[in-house]
Each structure stands twice: as C-alpha cells, then as structure tokens.
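Reader: Hello! Could you walk me through this structure, step by step?

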Amino acid sequence: QPLEPSLLRFLVCPLSKRPLRYEEATNELINEELGIAYPIIDGIPNMIPEAARMTRKKPPAESPEQP
C-alpha cells in the first residue's frame, strides 16, 4: 500500500531531521544524505532507525600507507 502523498511534508528522518523522498518503486522513504531507506508497511512508515536499510555501499577500507 503506497504512502499518502500529503503525509510526506510532515515526515522527517529521525536521525538527521531532514525531509525524506518517497521512492514509489520500492515503497520506501529515502534519506539521500545518510544513504538509508525506511520501509513502508501497509501504508505506515517504519521510522525506527534499526529498521532502515543502507542504500549505498560503504566506502572501501583505506589502504595502509606505504613507506
């Protein structure tokens, strides 16, 4: 069930307090800045940070410095 569009203006990320973008294809609320997506289940956003998934891969580990 998709998110009611009028709700989007009231919803912000609980971590960054920034607006979220609704992604219709995955039915998620996206925080571009942090690279996380909150699922929407039965039309209700699950805004618990532990329920969010990462939308981008973590940066590669830094290589050790060479002498």
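Reader: Happy to start small: is E23 buried, partly exposed or exposed?

Author: A word on the source comes before the answer: this is a predicted model, where local features need pLDDT of at least 70, side-chain atom pairs count only at pLDDT 80 or more, and totals for chains, interfaces and linings use all residues. Residues are numbered from 1 along each chain as its sequence is written, and side-chain values use heavy atoms, with hydrogens and water left out. Buried means under 20% relative accessible area, exposed means over 50%, and partly exposed lies in between (1.4 Å probe, protein chains only). E23 has a relative accessibility of 25%, so its class is partly exposed.

Reader: Which residue forms a salt bridge with E23?

Author: A salt bridge here is a side-chain nitrogen of Lys or Arg within 4 Å of a carboxyl oxygen of Asp or Glu. For E23, the closest N and O atoms of the pair are 2.5 Å apart, and the partner is R21.

Reader: And what is the relative accessible area of R21?

Author: R21 counts as partly exposed. Its relative accessible area is 34%.

Reader: Why does the salt bridge of E32 with R21 tie together separate parts of the chain?

Author: E32 and R21 form a salt bridge, with their closest N and O atoms 2.5 Å apart. Strands, like helices, are DSSP runs numbered from the N terminus (strands are E, at least two residues; helices are H or I, at least four). E32 lies in the loop between β2 and β3 while R21 lies in strand β1, so the pair ties together parts whose separation in sequence is 11 residues.

Reader: Where does R53 find its salt-bridge partner?

Author: R53 and E28 meet through their side chains in a salt bridge of 2.8 Å, N to O. The pair links distant parts of the chain, 25 residues apart: R53 is in strand β5, and E28 is in strand β2.

Reader: Of that pair, is E28 buried or exposed?

Author: R53 is partly exposed, at a relative accessible area of 38%. E28 has a relative accessible area of 9%, so E28 is buried.

Reader: Which residues do shared salt-bridge partners join into one network?

Author: The structure holds four salt bridges. Those that share partners make one network, joining R21, E23 and E32.

Reader: Now the strands! How many bridges join β2 to β3?

Author: Two strands pair if DSSP finds at least two bridges between them. β2 and β3 run antiparallel, and one of their bridges has I30 with A37 as its partner in β3. The number of bridges joining β2 to β3 is four.

Reader: Which residue of β5 stands opposite A37?

Author: β3 also pairs with strand β5 (residues 53–54), in the antiparallel sense and over two bridges. Opposite A37 in β5 stands R53.

Reader: What is the bridge partner of I40 in β4?

Author: β3 and strand β4 (residues 44–45) pair in the antiparallel sense over two bridges. They form a hairpin with two residues between them, and D42 in the turn has a positive phi of about 55°. In β4, I40 is partnered by P45.

Reader: Why is β3 largely enclosed by the rest of the structure?

Author: The number to look at is how many of its six residues are buried. β3 is largely enclosed because that number is five.

Reader: Which strand gives the most to the largest nonpolar core?

Author: A nonpolar core is a set of buried Ala, Val, Leu, Ile, Met, Phe, Trp, Tyr and Cys residues joined through side-chain atoms within 4.5 Å. The largest one here has eight residues: L3, C13, L20, L29, I36, Y38, I40 and M47. With three residues, the strand that gives the most to this core is β3 (residues 36–41).

Reader: Which residues does L34 contact, beyond its neighbours within four places in sequence?

Author: L34 sits in the loop between β2 and β3, and L34 is partly exposed, with a relative accessible area of 32%. Contact means heavy atoms within 4.5 Å. Leaving those neighbours aside, L34 is in contact with C13, L15, S16, M54 and R56.

Reader: Last one: how far apart are the C-alpha atoms of E24 and P2?

Author: E24 lies in the loop between β1 (21–23) and β2 (28–31), and E24 is exposed at a relative accessible area of 63%. E24 and P2 are 22 residues apart along the chain, and their C-alpha atoms are separated by 7.3 Å.
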